[in-house]
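User: Please take a close look at one part of this model. I would like helix packing first, with the cut-offs spelled out.

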Amino acid sequence: MRRDLDQLAADTYDVLIIGGGIYGVCAAWDAALRGLSVALVEKGDFGHATSSNSLRVIHGGLRYLQHGDLRRLRQSIQERTVFMRIAPHLVHPLPFLIPTYGHAMRGKEILTLALLVNDVIGIDRNRLEDSQKYLPPGRIISKKECLRLFPDIEKRGLTGGAIVYDCQMFSSERLILSFVQSATKAGAQAANYVEVFGLLRHGDRVVGVKARDLLNGSEMDIRARVVVNTSGPWLDRVLSLCNGHFPNRRLALSKAFNILVNRQLIPHYAVGIYTRNRFKDRDALLSKGSRLLFLTPWHSRSLIGTVHLPYDCDPDHCWVTEDEIQDFLDEVNEAYPAANLEREDVCFTYGGLLPMDNYGTGGVHLLKRYRIVDHKREEGVEGLVSVMGVKLTEARHVAEKTIDVVFEKLGETPPKSTTATTPLYGGQIQQFSDFLGHEARRKPQRVTADAFQRLIQLYGSAYPEVLKYLDEGSVLAPTKTLTCRSENTYSLSQPTGGQSAESFSHPNDSSQAGNCSLVRAEVLHGIREEMAQKLTDVVFRRTSLGITGKQEDDTLTSTAAIMAKELGWDDKRTQREISESKTFLAART
Ligand SMILES: Cc1cc2nc3c(=O)[nH]c(=O)nc-3n(C[C@H](O)[C@H](O)[C@H](O)COP(=O)(O)OP(=O)(O)OC[C@H]3O[C@@H](n4cnc5c(N)ncnc54)[C@H](O)[C@@H]3O)c2cc1C
């Protein structure tokens, strides 16, 4: 994966994609697999925006039943299966427990019906060869069993619970990188830190973009027969580059966020809790008058969300305020007092912006369906297609539909998309559990079993690409030891014991030193093979060094030292990178 801006400027592409969030990277992969020449430009790092802030759930979409949207339910179930098939190392089943109360909307009767419909519509959900991906049918449990599983739940009016299976991503960041790797291996040219600041026009036709390399300020034209705008929250801003063609368009945005807390509140299940509703869903066929939040186990901690709030500011300045975090903690503590969360329990805040249907009403009314807009049809501008996506889960499907439109615009019959069945980079795995067991035999002696397993979970079948750098990682001995974290692993639905992040700083212990070499190998791999340009790219997206939120100075300094050597940074640049990483962290912890 090489960042080759000369090549980008030299060629004329069939399709150029603006934005390297999940929607952009899926589109790039689909187009490249179907034989188109593809360029993808991203103004930050791949996946740095909305896409790395999700709750990490690949939804089957049980919630869509509330809106009577069976088509979307079916589609989400199918996409969940697709993700497990193409990224078996990163997407795993996770049971969700939804407690039942009374006999109305939160009652067992309605949920029994919902589970039945869900199972019938998802009848083929287990058509995968991998038994680790098996999703049992939903089931209703008694009050006694519910309390056994989840003793601290609100007991007033409790009648039992519903258990339904969905999926969780081990790392959304690495999932996005797997798409970029796959797209570039299929021939796409991708570049991060390249911002589109103008659209090239020929009459009413868009024929490419004007772009700026944000790392050195140089500008270039990139030519393409069709331009696809997958800039997420920046969609309007990109359209405004069309010089007045879209004067009244306004994409209303909602701020959504989750918090990561440093305790595993419930180890084996994601659990739904009902909090007092501040967001009324005007479209729901059956309104519950309360909000369902999920406490999900993730990397030995708990990821809790999702909160939705109206937002009317610059997408470049979206962060979660202290007041919003405190309100959210109060809301969770009120609904689930046993959590007893305090501000210092929060180790990371994941916030992003999502499209809404309404503007200026003060409420939150999320877009219910994705939109693919051919601007020829809507505004008479040829060669430009915009995509508005609502769920990460749907992105591959939407990409397939988008590239169908691109073929139509190119005047060609679209060949069949194969992204639903082609394993992603790292996804060449038949049976995930067997793969883990089998590959364990290849563990280098100097690395611990936990660290090796984590490597396989993050990189899947591509892990040898990282191991290539292990020897180099061990001779690279920065003056300060890199803090290497051993995150607990195996299956996300069955954590192996909830050990917390472990700090290896004793240089004389050979396995700890081996683990440090492995992390350094990941850093080198991120720089040389995954286009990492900045310290934040390595700490938060190429590796899981930043997962705990609280970052020791040593880790940043040691990682920056490796990057400085690799990328030729001087002291000033190195210090700037460290300080940017600290600012990034300070805004999210
Ligand atoms: C808190 C939260 C929780 C969520 N939880 C879930 C969940 O559990 N499951 C689920 O399925 N979905 C979830 N979602 C929804 C999901 O994350 C989004 O639907 C998805 O990430 C949107 O992806 P995107 O590619 O459209 O946008 P983004 O990821 O924002 O990507 C757009 C990209 O375009 C780039 N860009 C913008 N302008 C330019 C330009 N001029 N030049 C070049 N590049 C540009 C940006 O830098 C950005 O990287 C959640 C969302 C949030 C915010």
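Analyst: What follows covers helix packing, then one arginine, then the whole chain.

This is a predicted model: local features need pLDDT of at least 70, side-chain atom pairs count only at pLDDT 80 or more, and totals for chains, interfaces and linings use all residues. Residues are numbered from 1 along each chain as its sequence is written, and side-chain values use heavy atoms, with hydrogens and water left out.

Two packed helices are described by the angle between their axes and the distance between the axes. Axes are lines fitted to C-alpha atoms, for helices over the stretch in contact, and angles run from 0 to 180 degrees between N-to-C directions. Helices (H or I, at least four residues) and strands (E, at least two) are DSSP runs, numbered from the N terminus.

Take helix H2 (residues 22-33) and helix H6 (residues 172-185). They pack at about 25 degrees, with axes 8 Å apart. H2 is therefore roughly parallel to H6; that label covers angles under 35 degrees, with over 145 roughly antiparallel, 65 to 115 roughly perpendicular and the rest oblique. The crossing of H2 and H6 is left-handed, meaning that the near helix is turned anticlockwise from the far one by less than a right angle; clockwise would be right-handed. H2 contributes Ile 22, Val 25, Cys 26, Ala 28, Trp 29 and Ala 32 to the contact, and H6 contributes Ile 176, Phe 179, Val 180, Ser 182 and Ala 183. Contact means heavy atoms within 4.5 Å. By class, the residues are ten nonpolar, one polar and no charged. Ala, Val, Leu, Ile, Met, Phe, Trp, Tyr, Cys and Pro count as nonpolar, Asp, Glu, Lys and Arg as charged, and the others, Gly among them, as polar.

Ser 172 and Glu 173 are among the residues touched by Arg 56, as are Trp 298 and Tyr 350, not counting residues up to four places away in sequence. Arg 56 sits in the loop between strand E2 (38-41) and strand E3 (57-58). Arg 56 counts as buried because its relative accessibility is 0%; buried means under 20% relative accessible area, exposed over 50%, partly exposed in between (1.4 Å probe, protein chains only). The Arg 56 side chain reaches the backbone oxygen of Ser 54 at 2.6 Å.

Now the whole chain. The protein chain has 18 helices and 19 strands. Of its 589 residues, 60% are buried. Among contacts with a separation of 6 or more, 73% join residues 24 or more positions apart.

Methods:
Polar contact = N/O pair within 3.5 Å; in protein donor to acceptor, adjacent residues only side chain to side chain.
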